[in-house]
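Here's a friendly walk through one protein chain. Have a look at it first, and then we'll go through it piece by piece.

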Amino acid sequence: METTTAIDNLPTESRTGRENQRYNPETGARIVAGCVCLNPTHDKLVMISSSHRNGKWVLPKGGNELDESEIETAIRETWEEAGVKGIIIDELPVVLDSRGKKAPVIKGEFDPKAMIPKSEFHFFELRVLELAMKWPESGQRERRWCTYAEAKLELLRAKRPELVEVLNSCSIAKDTSEGRAHVVSNEY
């Protein structure tokens, strides 16, 4: 499953608003799609600073919209949030909201700082081909390369067990080293 990012068709601004969000008709969960962006040797991935939680690092992802497939949303969100272009190499298993029945079903507008709606996560592995110097959210986010251990630690700090599940399902080399991730340059 190799799908090249539609490099010429990437937006210059991020989409906003939630009126076009897709929800699972059976569970009411908001459909979220994103990418695990791997370097060619699969020993590092790109993480981004959270836009809603200062000092927290997450994977690029966002709400699936009615005019897009999950893979199109994943590619767009990865570009908008991380400035990454690449090739989709695999579809990862769907991950359900870790909060189970406690997760609120909310359709339409919501404040992500106050309450996150029940979600289901559709992630894809992406082999990084290019890290742009400027991208739609470059003024609001940082990005950095992390090893498996660094990424897992950051996702646990951010209280995102569902993203740890995504991380565990991807083909990144599962190192056990401790250490500090570094801010991304254009080298990988």
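## Ground rules

Let's begin with a term: a residue is buried when its relative accessible area is under 20%, exposed when that area is over 50%, and partly exposed in between, using a 1.4 Å probe and protein chains only. Helices (DSSP runs of H or I, at least four residues) and strands (runs of E, at least two) are numbered from the N terminus.

What you're looking at is a predicted model, where local features need pLDDT of at least 70 and side-chain atom pairs count only at pLDDT 80 or more, while totals for chains, interfaces and linings use all residues. Residues are numbered from 1 along each chain as its sequence is written, and side-chain values use heavy atoms, with hydrogens and water left out.

## The chain as a whole

The chain holds three helices and ten strands. Going along the sequence, they come in the order β-β-β-β-β-α-β-β-β-β-α-α-β. Of the 188 residues, 52% are buried.

Next up are contacts, meaning heavy atoms within 4.5 Å. Take the contacts in the chain with a separation of 6 or more: 78% of them are between residues 24 or more positions apart. As for the outside, the accessible surface adds up to about 9400 Å², and carbon and sulfur atoms account for 49% of that. Those areas come from the Shrake-Rupley method with a 1.4 Å probe; for residues, only the protein chains shown count as cover.

## A closer look at helix α2

Helix α2 covers residues 148-157. Which of its residues are buried? They are Y148, A149, E150, A151, E154 and L155. The cover over these buried residues includes β3 (45-49), β4 (57-58), β9 (143-146) and α3 (161-169).

R157 also belongs to α2, but R157 is partly exposed, with a relative accessible area of 42%. In sequence, R157 and G55 are 102 residues apart, yet their C-alpha atoms are 9.5 Å apart in space.

## Salt bridges

A salt bridge here is a side-chain nitrogen of Lys or Arg within 4 Å of a carboxyl oxygen of Asp or Glu. By that rule, there are eight salt bridges. One of them takes us back to α2: R157 pairs with E154, and their closest N and O atoms are 3.3 Å apart. Why can these two be about one helical turn apart? Because R157 and E154 sit three residues apart in helix α2. The partners differ in cover, as E154 is buried at 3% relative accessible area, whereas R157 is partly exposed at 42%.

Another pair is E162 and R160, whose side chains meet with an N to O distance of 2.3 Å. Both E162 and R160 are buried. There's also a network: salt bridges with shared partners link E68, R76, E77 and E80. Within that group, E77 and R76 form a salt bridge at 3.1 Å, N to O, and both E77 and R76 are buried.

## Cysteines without a disulfide

How many disulfides does a search of the whole structure find? The count is zero, with a disulfide being a pair of cysteine sulfur atoms within 2.5 Å. C35 is in no disulfide, and its nearest cysteine sulfur, which belongs to C37, is 5.3 Å away. Turn that around and C37 is in no disulfide either, with the sulfur of C35 as its nearest, 5.3 Å away. C35 is buried, at 0% relative accessible area, and C37 is buried at 0% too.

## Two residues with positive phi

Now for a bit of backbone. Most residues other than glycine have a negative phi, and most peptide bonds are trans. H42 has a positive phi, near 60 degrees, and is a residue other than glycine. Where is H42 found? H42 lies in the loop between β2 (30-38) and β3. At 18% relative accessibility, H42 counts as buried.

K159 is another residue other than glycine with a positive phi, near 60 degrees. K159 comes just after α2, in the loop between α2 and α3. Is K159 buried or exposed? At 63% relative accessibility, K159 is exposed.
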